[in-house]
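Reader: Hi! Could you take me through one part of this protein slowly, the nonpolar core and what sits around it? I'm in my first year, so please spell out the terms.

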Amino acid sequence: MDDRRRGGESFVAVRRMSNGLGRGSACHSTPAEVVTGSAAWLGRGLSCVCVQRRDSDARPSFDLTPMQEECLDRLQSRLDVAYDSSIPEHKEALLALWRASFPEKELQSFISDQWKEMGWQGKDPSTDFRGGGFISLENLLYFARNFPKSFQDLLRKKEGNRAVWEYPFAVAGVNITFMLIQMLDLEAYKPRTLVGAAFLKFHAENESAFDLLYCITFKLMDRQWLTMRASYMDFNAVMKSTRHQLESELLRENIRHLQDLPSYKLLSR
C-alpha cells in the first residue's frame, strides 16, 4: 500500500492538564501524521469529537451524595496525571501494555518503530498521551487485562469487513478517553448533564466504572465503524454516533449497573 497524506487536523485530541479542580474543558489539535501498523499512513484529517464551551454558558448542576463526591474527587485526581516517561511506574505500565498486546513479540527498544504496530504515531508513544494523560494508558491496560479477547480482536482488526484505511487502534483509544471525559463532564465540580449524573451513580458502586465504560465504548465504536462501513475520514462521524448511542443507553430507566447496558454484551473475555 502506498503512503498517502491528507490535509487537515490531527487525529489526536489534546487536553490541557489542570493542576487542580479549577476545571474547564479545552480541545486543541496539532498537525500530526498517524499510522496504523507499520505500512499505512492514515494521514491527517481526523480529530477528536469535542465540544467548545464558553464561560458564559449556563448549565444545570446536580447535587451529589458524599460518597459520589469522594468518588468524583478520586477520578478527577486521575485526570490530572500527565504521562511522564521519567516515572518508573508510568514506563512500566506502557511496557505492560506492550506485553499484553503482543505476548509473542519482544520489544527491542523502548523507542522503537514496533510501537506503530499498535497504532501509535511514531517510535515513542509517550508523545501521544497529551490527549488523554496517564489515564488513557490505564484505560488501555485495563481493557487488555480484563477483556483480552475483545482487546485483541480490536487491536488486530479481526472482526467484520475492514476498510482499506483503518483507524489506528492506540490513538483511537486516547481519543475515546478524551471523548468520555467530555461527555461525562468530569472536569466540572459537579455533573452538569443527566448523563454525567447517571454515570456517577455507577461510579459510586464500582471504582473501575470509568475503565469499564471505556471498554464498552471502544467496542461500541468499532461496531459503529463496521455498521457505517467507515474509513479513516469518517472517524468523527463514527465517534458522534458512538457518543449518541452511549448517552442513550446510560439514560435508560432500567439500567442499574454498567453491565446492564446493551453494548456491554459486545464485550468478551
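Author: Sure, and let's start with a word we'll need: contact means heavy atoms within 4.5 Å. What we're looking at is a predicted model, where local features need pLDDT of at least 70, side-chain atom pairs count only at pLDDT 80 or more, and totals for chains, interfaces and linings use all residues. Residues are numbered from 1 along each chain as its sequence is written, and side-chain values use heavy atoms, with hydrogens and water left out.

Now take Leu-250. Setting aside neighbours within four places in sequence, Leu-250 is in contact with Met-183, Leu-184, Val-195, Ala-198, Phe-202, Leu-213, Leu-258 and Leu-261. Leu-250 also belongs to the largest nonpolar core, which has 69 residues. Such a core is a set of buried Ala, Val, Leu, Ile, Met, Phe, Trp, Tyr and Cys residues joined through side-chain atoms within 4.5 Å. Buried means under 20% relative accessible area, exposed over 50%, and partly exposed in between (1.4 Å probe, protein chains only). Along with Leu-250, the residues with the most contacts inside this core are Met-118, Trp-120 and Phe-218. Among the elements giving two or more residues to the core are helix 1 (66-79) and helix 8, while helix 7 gives the most, with 11 residues. Helices here are DSSP runs (H or I, at least four residues), numbered from the N terminus.

Next, two loop residues. Asp-185 lies between helix 5 (169-183) and helix 6 (194-205), and is buried at 5% relative accessibility. Arg-229, in the loop between helix 7 (209-227) and helix 8 (235-250), is exposed at 77%.
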